[in-house]
Amino acid sequence: MRKILLTAALLAPVLLQQVAAQNRQISGRVTDRSSGQGLPGVTVLVKGTTVGVSTNSDGSYTISAPSTATTLTFSSIGFVPVERPIGTESTIDIGLATDSKVLNEVIVTAQNVERTRNSLPYAATQVDGENITKARNPSFINGLSGKVAGVNIRQSNGIGGSSNILIRGTSSLFGNNQPLFVVDGVPISNANTNTAGQQTGRGGYDYGNAATDINPDDIASTTILKGAAATALYGERAGNGVIIITTKKGRKGIGVTINTGATGGRIDRSTFMKYQKEYGAGYGTYYEDASGFFLSRDIDGDGVEDLVAPLSEDASYGARFDPNLNVYQWDAFDPSSPNFGKARPWVAADNGPEAFFKTALTLNNSVIVDGGTENGTFKLGYTSIRDKGVLENSEVNKNILNFGGSLNLTPKITVSSSVNYSRVDGKGRYGTGYGDGNVMTNFRQWWQTNVDLKEQKAAFERTGRNVTYNFADPTNLTPIYWNNPYWVRNKNFETDSRNRIFGNAAATYKVTDWFNVLGRVSVDSYDEVQEERIAIGSVGLSNYSRFNRTSREYNYDLIGNFSKNINESISLRGLLGANVRRQQFSSIFAETNGGLIVPDLYSLSNSVSDPVPPIEDETRVGVDGIFASATLGFREMVFVDLTVRRDKSTTLPSSNNTFVYPSAAVGFVFSELLKDVSWLSYGKVRANYAEVGQGADPQSVLTNYSKVTTYNSNPLFSLPGTRNNPDLKPLRTKSSEAGIEMNFLRNRVGFDFTVYQRNTIDQILPITLSTATGYNSRFVNSGEVRNRGVEISGFVTPVKLADFSWTVNANWTRNRNEVLSLFGDFDNIVLATYQGGVSSNYAIGQPAGIIRGANLVYKDGQKVVGANGYYAQTVSSNEIIGDPNPEWTAGVTNTFNYKGIGFYFLLDIRKGGDIFSLDRYYGLATGMQPETAGLNDLGNPSRLPISEGGGVILPGVLADGTPNTKRVSNTNFGLYGYRRNPAGAFVYDGGFVKLREVSLSYSLPTSIVSKFGAIRGVDFSVVGRNLWILHKNLPDADPEDALSSGNRGQGYSSGSFPAVRTLGGNIRLSF
Amino acid sequence: MVLATSCVDSLDDYNIDPKRASVVPSTSLVSSAERELASTLASANVNTNVFRLYVQYWAQTTYFDESIYDINTRNINRNFWSALYRDVLADLNEAKRLITADNSMDAKVKANQLAAIETLEVYTWAVLVDTYGNIPYSEALDFNKPQPKYDDAKTIYDDLIKRLDTAIGSFDKSAGGLGAADLYFNGDTGNFVKFANSLKLRLAMTIVDVDQAKAKTLVESTVGKLISSNEESAKLTFLGSNPNTNPLYVDLVQSGRYDFVGTNFFIDRLNTLKDPRLGAYFKPNGGTFKGGIYGVGNNYASFSSPGVALEDPTAPSYLLSYSQVEFLLAEASARGFAVGGTAASHYNNAVTASIKRWGGSDADATAYLAQPAVAYATATGDYKQKIGVQKWIALYGQPVDSYREFRRLDYPKLTKPEGALSNLPVRFPYPVVEQNLNTANNAAAAAAIGGDNVNTKIFWDKF
């Protein structure tokens, strides 16, 4: 619970009287005894007087003590106070021991105000950098998963893919629900450029979200502010919570920390398909030979018709495997194949699609050099993360350079700056969703079980061409539906890069010891390019597209901080500030038209037809905010917070663009009154209420026309899909929260219990309209969503001995959201529609994002079977078939320490949250899973014709409740999948229990380290991530895998990627 | 503070999109609507236009879901609905609004432009009614009425005919109209008027079974004002490059897929009749023309696939063809309407026009018509059957029209395939999202038409 404070001159309260001159000067440095780091913000007091100072950013202090002084006291929250006789010394250095009281940790709150936890009247959770990087997760967002109550993180399994973060549920129906990220006071973009098509499973790539550009090794701590009372000072973007990241700061002297680590990953087989091994390619008895399962052609020219596999068919409802049957398969038509012109036994493949996955490899190296003197500190860090995925030709490399420094120009003026440069290069990110760019669509939905992946690989490597198993016909060797998967990965790959700089320059002027002024300019600027390719020779048209986007955000802040003890009992602190924010986003998308001319040349000019004009977008946002806050403290027991902010936003019509919102919060540390109750170490109750206003998405006000490609020199224009609204007004979130925190038994056990409610009203919705209105959607102000929930976190240290300790931390979150009202007479609005006849919806009285589609019919809990022997379907295709919101989530960590050895593991748990699986909707129809084959109730292969004892009696009852006895055929495709079953039959519970992180670490004892000269510490660790899914209900797939971040696509799974179990090691050297 | 707060006020232009037009030439919206309309009608995309399957011209190869009437999975009924409302009618309506508000125009040109737009709107509304029955009409195309009520299909038809009459009356052939922005007739007002009259003929004949007297009056009022040659047919000739090619080119060629083959039901008939259009309609397979089985999987290589003529990116999409006009006149004549000529003469003209449109010669037509199975006098059945079968053959390039005429004339007799999920649809159900977005009105409409399912007939579909 060690805490590195920020620039103390700015932030530490200097509450104490100034002293007269001509006293004796004592100086020194206060350090953390465990780490040797300087401790800023320590109160140094002449005992028995009010004379005192605070230590500066590296822990140094100078105090003018009256000649009568005999003793100095050093106190800092989180550390055991020390009294030290002065004697004759003029330099007093001191090391403070950590106080195990978790509650008194210093927490970074809104606008970088540092406060002790006991003074906070709202919920805030701080996670140390150490805890985020414990399992060496290259994404700090994923490193938070399961560690914080109220925060739900859903990661995708794609390389460098998106992470969806929700704090206290979905509140904005169509807008952004992701929290605001603030690094050292700089709001940074977490934008996701994935298209609506990508997010709804229609193919494309997941380019991830931009906040992952932050270097995990540079994070000192992360504070998660959940409710609006905690975040309101950040303004309109803070309604979804704020994640405040404080980066590491330099220390006095010179220090070097080096981390080097590597992890390897293999897919978790429980999250991938298992295939039946009884039947091969085909949809059934539709083809040419007598059985109907095969093509019948004379391949060898002997005048006799031969059996040929139905190459064009992407299903496995074909002929039963029989090693005595010789069949011409795809390789018989590849002249480069050793099997060219040869028939082969009709058997299941030795190497199914599971052979496609490689071992993922991540190399993570970082070095941070830091240092400082009396007058300043600096830090310079470099991190390289090289990530190769489980698919061929996939890599995402990050190079991140951080600089931070501060300088005390004069005793009153401190300047500081931080600069973060990152470059992320991606190549071969996984194709997502449904489409031939995603090999998972092929493997999970449309596959031939007789095709051997290693042979497909050999064919691609032999020829460099798209020699696919899925030729149109023996006489037409073009790929029909699916490319050779190795071709897809090696030829149809995307590349992308993002160059980014964010940082700030700030100056603080200490006007008096109780008032200072901060001026800060901060920038977040990046340029990204995404290029996608479809090579000549692929299924469909070859293509090249490029998307260039620039994002700029500038913030100018002027903040006055004051802090004063009015008398012995009452303290007052607060701030007054102004923020000017300007954002500019500019993008251009262009692609070739009608295919490519020259192979392997990816250029817009290499287009068969003239490219259509590129799509340009240019949006700007300006928001001006002024804000004030005051915290009144009474005897370190009662704290009252009041804030108010006014924003003015260009995204709203000018007549309606100003909005003011307040917050009020109170905390009562009742344990201060119960000091004689020995088992109670700490107790606080708190309650708060806040509102946050918010503007619209840019350019939601005025309506323009869409340009359609010119027709023979005739201009074409069309009305846009979305009708804008010149009467928009700000939306408003009203949030209230109450909680209690208690620690017992000298802080060996504790809990934090919070209840909250958040209502978001006057939502700005691009409400989906009946297209009979001429539009897809229209922006309106309407609708209310309520989120209410409970967050519980607790810890217990069951064992604490001199050499050994065991600590358990746990958190549990339950959020319930409900759509209270929509627009006009609408009782349902559609968020997104998907392949499979399902949609995400908001319906009054229902949780956000419910899934609708046709459903099975149930009678007394049993599936109803129609007279035809197939499952009955609801008349309406519009039944509620799933709720994607989890019932609750939880995380449990266990930490064991024995001397220098640490062992830690985290269980991440989600209960409930429905998922519609398009993979199973199609995959079960095309006969890939074992349950589509096998024996029936008579002990015969179910795929035999009914006349030969095959067929299946589907379990269920007839409409009258009597058991179904009708036998239906399972010879041709479809019985178990989409063709004969409604979407509701493919909805699964998305709950899971995952062993998310494991780490075993060993720190060399100081006695050994000291022999290495300059080296101060050596730590080894073995880390594992996602090693084991202890429980899940979604067959064949990872219930957590998501298409993208954002509101769309939640609870919809298509072309899902398996989870990757990661294991590796790391060495940390400190000098 | 003062500085900061005055800032946003000076940034009014932040709400103006610097990359999109707020003012456009009004006729450019008509061009876009015309292109969308012609594309939607011609498309073979299984997400939008599946009527070539429903009338059993084509069977599918591997994925035959649409052939067995799976409408939901691909939201086909929604896509067709949206294409017509949002991409055609909304833009026509907007163009009408802009032109009406434009006081600087020549009055005659303005009247011609508005009449042309009105004709295109009537055409599109009729397709919607013919497909769904009762639809949002009087309250549609207005974002201020997000939940428009559904109007009665027959009432809409009556209004459409009235509007079309008014439009026809307001054309002035001596003046220009939409000019080059009219992608169908390149601004030829005379041909546009013929199109409008031919549409009137079509609408009148569509309601003939429910109101013969009204139909008769209407039909007879169009005589002499109709499309009278293939050249005058209402059509859009597509361009050679994307995105302005015939959508069939995209579906059949660019997609690289092999999804469709002819049905044996259709090809066997063409074979039997020695139809000269066969070689244009389909590709031979092993020297002969062979159809697959409708409603099951078919091996692409074993059967005749759609012909080369359909793979031409510039192939036109017909909205109303001369052949169609002659078939309508043949039927009118057979019903005793005074349209000049005889049922047989119009029938012969219709078949001849179709054969020539598909590249055949007059001699081909003559020989074809001379066969007893084709000749009007000797072909099997009553006039509905004679005309129905030949019209079905002729409307191969106009699947939406063909689907309507098949339902109205009840020939040829089509049967649903064995594995069908429903009966052969005689209408599309309303898009599922309409149930969510316009719940009460949608439910009322479903009740009014007698059930929102594929078995509910459109009001004119009496038999």
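These are my notebook entries on a predicted model with chains A and B, covering their interface, some strand pairings in chain A and a few salt bridges.

**Entry 1: the interface**

I began with the contact between the two chains. Chain A puts 95 residues into it and chain B puts in 86. I then looked up the buried area, which comes to about 7500 Å² between chain A and chain B, with 54% of it on carbon and sulfur atoms. On the chain A side, A:Arg620, A:Tyr705 and A:Tyr711 lose the most area to chain B; together they account for 11% of what that side buries.

Next I went through the polar side of the interface. I found four salt bridges between chain A and chain B. One that I looked up is A:Glu616 with B:Lys19, whose closest N and O atoms are 3.1 Å apart. Polar contacts across the interface come to 35 residue pairs, counting pairs with both residues at pLDDT 80 or more. Which strand of chain A gives the most to the side that touches chain B? I got strand β34, residues 615–634, with ten residues.

**Entry 2: β37, β41 and β42**

I followed β41 of chain A (residues 731–744) to both of its partners here. Strand β37 (residues 680–694) of chain A runs antiparallel to β41(A), and 14 bridges join the two. Strand β42 (residues 749–761) of chain A is also antiparallel to β41(A), joined by 13 bridges.

A:Met742 turned up in both pairings. It stands opposite A:Gly683 on one hand and opposite A:Phe751 in β42(A) on the other. I checked the connection too: β41(A) and β42(A) form a hairpin with four residues between them, and A:Leu745 in the turn has a positive phi of about 50°.

**Entry 3: β54, β59 and β60**

I did the same for β59 of chain A (residues 992–1003). It pairs with strand β54 (residues 901–911) of chain A in the antiparallel sense over ten bridges. There I noted A:Phe903 opposite A:Leu1000 in β59(A). Strand β60 (residues 1017–1032) of chain A is joined to β59(A) by eleven bridges, again antiparallel. For that pairing I noted A:Ser1001, whose bridge partner in β60(A) is A:Ser1021.

**Entry 4: a four-stranded sheet**

I looked up an open sheet in chain A whose four strands come in the order β47-β48-β49-β52, with antiparallel pairing. Which strands sit at the edges? They are β47 (828–834) and β52 (879–882) of chain A, each pairing on one side only. From one strand to the next the twist averages 45°. I count six bridges between β47(A) and β48 (residues 838–843) of chain A, and A:Ala832 stands opposite A:Ser840 in β48(A).

**Entry 5: the plug annotation**

UniProt, in an unreviewed entry, places "domain: TonB-dependent receptor plug" at residues 118–242 of chain A. I computed what the model has over that stretch: 10% helix and 24% strand, with the end C-alpha atoms 20 Å apart.

**Entry 6: salt bridges overall**

Over all chains I get 89 salt bridges. I picked out A:Glu83 with A:Lys47, whose closest N and O atoms are 3.1 Å apart. What does this pair tie together? A:Glu83 lies in strand β6 (residues 82–85) and A:Lys47 in the loop between β2 (43–46) and β3 (52–54) of chain A, so the pair links parts that are 36 residues apart in sequence.

Note on methods:
Residues are numbered from 1 along each chain as its sequence is written. Chains are lettered from A and ligands numbered from 1 in the order in which they are written. This is a predicted model: local features need pLDDT of at least 70, side-chain atom pairs count only at pLDDT 80 or more; totals for chains, interfaces and linings use all residues. Side-chain values use heavy atoms; hydrogens and water are left out. Two strands pair if DSSP finds at least two bridges between them. Axes are lines fitted to C-alpha atoms, for helices over the stretch in contact, and angles run from 0 to 180 degrees between N-to-C directions. UniProt positions are given in the numbering used here, feature names are shortened, and annotations may be inferred rather than shown by experiment. Contact means heavy atoms within 4.5 Å. Buried area is the accessible area (1.4 Å probe) that two parts lose on being put together, summed over both. A salt bridge is a side-chain nitrogen of Lys or Arg within 4 Å of a carboxyl oxygen of Asp or Glu. A polar contact is a pair of N or O atoms within 3.5 Å; within protein, one must be able to donate a hydrogen and the other to accept it, and residues adjacent in sequence count only if both atoms are side-chain atoms.
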